[in-house]
Amino acid sequence: MAPRCAAFFPAVIVVAERLLDFADDVARRPARITSIDWARLPAAQAKRMRELGFDEGVGVEKLHHGPVKRDPIALRIGRMTVAIRRAQAAAIRVTEAAATE
């Protein structure tokens, strides 16, 4: 199956060198944030995400998504569960992490 275009599916993340949508079955797989495009986010949202612990190198795990339009997305960062919108998730790039990390 060919990868979907990010213009039509904004919550695309890079996992293990392949494109996956947050809505795809990537729940409960440990990942590590490789980059965040802070310029895509409004200043207030970027500041709040930094305060919540979003940064390069941080471990993250998708728990589930909301029932309507798959929004918001629940993520685990450390021991904290955070809900973010798909538009915010579109700025985050991750790679698959080993389960023991």
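Colleague: Let's begin with one residue. In which strand is the place of I33?

Modeller: Happy to start there, and please keep in mind that this is a predicted model. From the N terminus on, the chain's elements run β-β-β-α-β-β-β-α-β, and β3 covers residues 30-36. The place of I33 is in strand β3.

Colleague: Is I33 buried or exposed, and what is its relative accessible area?

Modeller: I33 touches F54, D55, E56, G57, V58, V60, I92, R93 and V94, leaving aside residues up to four places away in sequence. The cut-off for buried is under 20% relative accessible area. I33 is buried, because its relative accessible area is 2%.

Colleague: I92 is among those contacts. How many Å separate the C-alpha atoms of I33 and I92?

Modeller: Along the chain, I33 and I92 are 59 residues apart. I92 belongs to β7, which spans 92-96, and β3 is joined to β7 by 5 bridges in the antiparallel sense. Between the C-alpha atoms of I33 and I92, the separation is 7.0 Å.

Colleague: Which residue in β7 is the bridge partner of S35?

Modeller: S35 falls within β3, residues 30-36, and β3 and β7 run antiparallel. The bridge partner of S35 in β7 is R93.

Colleague: Now for the sheet as a whole. What is the order of its 5 strands?

Modeller: The pairing is antiparallel and the sheet is open. Besides its bridges to β7, β3 pairs with β4 over 3 bridges, one of them linking R32 to G59. Strand β5 is joined to β6 by 5 bridges. The full order is β6-β5-β4-β3-β7.

Colleague: Why is one side of β6 and of β7 left without a neighbour in the sheet?

Modeller: In the order β6-β5-β4-β3-β7, β6 (80-84) and β7 (92-96) stand at the edges. One side of each is left without a neighbour because each has a single partner strand.

Colleague: By how many degrees are neighbouring strands of this sheet turned against each other on average?

Modeller: The sheet in question is the open one with antiparallel pairing. With direction ignored, its neighbouring strands are turned against each other by an average of 45 degrees.

Colleague: Which residue takes a positive phi in the hairpin of β5 and β6?

Modeller: Strand β5 (residues 73-77) and β6 run antiparallel. L75 stands opposite V82, and I77 stands opposite M80. The hairpin has 2 residues between the strands, and the one with a positive phi, near 65 degrees, is G78.

Colleague: I77 comes up there too. At what relative accessibility does I77 count as buried?

Modeller: I77 lies in strand β5 and touches L52, G53, F54, V58, G59, V60 and V82, residues up to four places away in sequence not counted. V60 is 17 residues from I77 in sequence, while their C-alpha atoms are 4.9 Å apart. I77 counts as buried because its relative accessibility is 7%.

Colleague: And E61, is this residue buried or exposed?

Modeller: E61 lies in strand β4, residues 59-65. Its contacts, without residues up to four places away in sequence, are R28, R29, A74, L75 and R76. The relative accessibility of E61 is 18%, so this residue counts as buried.

Colleague: What share of the 101 residues in the chain is buried?

Modeller: I33, I77 and E61 are among the buried residues. Over the 101 residues of the chain, the buried share is 36%.

Colleague: What about rings: over which ring does the charged end of R50 sit?

Modeller: A search of the whole structure gives 0 aromatic pairs. There is, however, a charge over a ring, with the charged end of R50 at 4.0 Å from the ring centre. That ring belongs to W38.

Colleague: Finally, where in the chain is confidence lowest?

Modeller: The chain averages a pLDDT of 75, and 70% of the residues score at least 70. Helix α1 (residues 43-51) has the highest confidence, at 94. Over residues 1-23, pLDDT stays under 50; where pLDDT is low, the predicted coordinates should not be read in detail. Confidence is lowest, at a mean of 42, in strand β2 (residues 18-21).

Conventions: Residues are numbered from 1 along each chain as its sequence is written. This is a predicted model: local features need pLDDT of at least 70, side-chain atom pairs count only at pLDDT 80 or more; totals for chains, interfaces and linings use all residues. Side-chain values use heavy atoms; hydrogens and water are left out. Two strands pair if DSSP finds at least two bridges between them. Helices (H or I, at least four residues) and strands (E, at least two) are DSSP runs, numbered from the N terminus. Axes are lines fitted to C-alpha atoms, for helices over the stretch in contact, and angles run from 0 to 180 degrees between N-to-C directions. Rings of Phe, Tyr and Trp (its six-membered ring) pair if their centres lie within 6.5 Å; planes under 30 degrees apart count as stacked, over 60 as edge-to-face and the rest as tilted. A charge sits over a ring if NZ of Lys or CZ of Arg is within 6 Å of the ring centre and within 35 degrees of the ring normal. pLDDT is the predictor's confidence in each residue, from 0 to 100. Contact means heavy atoms within 4.5 Å. Buried means under 20% relative accessible area, exposed over 50%, partly exposed in between (1.4 Å probe, protein chains only).
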